[in-house]
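Got a minute to talk through some charged side chains? Let's pull up the model and go over the terms as we use them.

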Amino acid sequence: QVQLVESGGGSVQSGGSLRLSCAVSGNTVSNFAMSWFRQAPGKEREGIAEIDSDGSTGYADSMKGRFTISQDKAKNTLYLDMNNLKPEDTAMYYCAAEFLAYCSGGYSPRDFRYWGQGTQVTVSS
């Protein structure tokens, strides 16, 4: 069965950087569109970025510039590099996947079949 496990979250001061990882088991990232979402307290889950098996990426407009999505197929792992973090970036960050064959082209939580448990990122001022 497919499992996604996020790691790399933690506490960081404003302006700092973090690298989040999502380890995929039960299948290969090559079969999926992979993505990152986040959810802050009291807010809806929002998309950050996604990547397909060929390395093509897409970013939510509000996330462009500071966040970078990538993947290592040999390690079957997805990454999110975050720079110049701000207090408003504080949220639970989630990895998600959908089979490329079933991708609808949408980028909402309902468009992704598999989810990790999340990793907490807290940014202090």
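What follows is a short set of questions and answers on salt bridges and burial.

This is a predicted model, where local features need pLDDT of at least 70, side-chain atom pairs count only at pLDDT 80 or more, and totals for chains, interfaces and linings use all residues. Residues are numbered from 1 along each chain as its sequence is written, and side-chain values use heavy atoms, with hydrogens and water left out.

Q: Why is the contact between Glu 46 and Arg 38 called a salt bridge?
A: A salt bridge needs a side-chain nitrogen of Lys or Arg within 4 Å of a carboxyl oxygen of Asp or Glu. Here the N to O distance is 2.8 Å, so the pair qualifies.

Q: What makes Arg 38 buried or exposed?
A: Buried means under 20% relative accessible area, exposed over 50%, and partly exposed in between (1.4 Å probe, protein chains only). Arg 38 has 8%, so it's buried. Its partner Glu 46 has 32%, so that one is partly exposed.

Q: How do you know how Asp 61 and Lys 64 should be classed?
A: Asp 61 comes in at 64%, so it counts as exposed. Lys 64 is at 51%, so it's exposed too. The two form a salt bridge, with the closest N and O atoms 3.3 Å apart.

Q: What makes Arg 66 and Asp 89 a salt bridge?
A: Their closest N and O atoms are 2.7 Å apart, so they meet the cut-off. Both residues are buried.

Q: Which residues are linked in a network of salt bridges?
A: Arg 38, Glu 46, Arg 66 and Asp 89.
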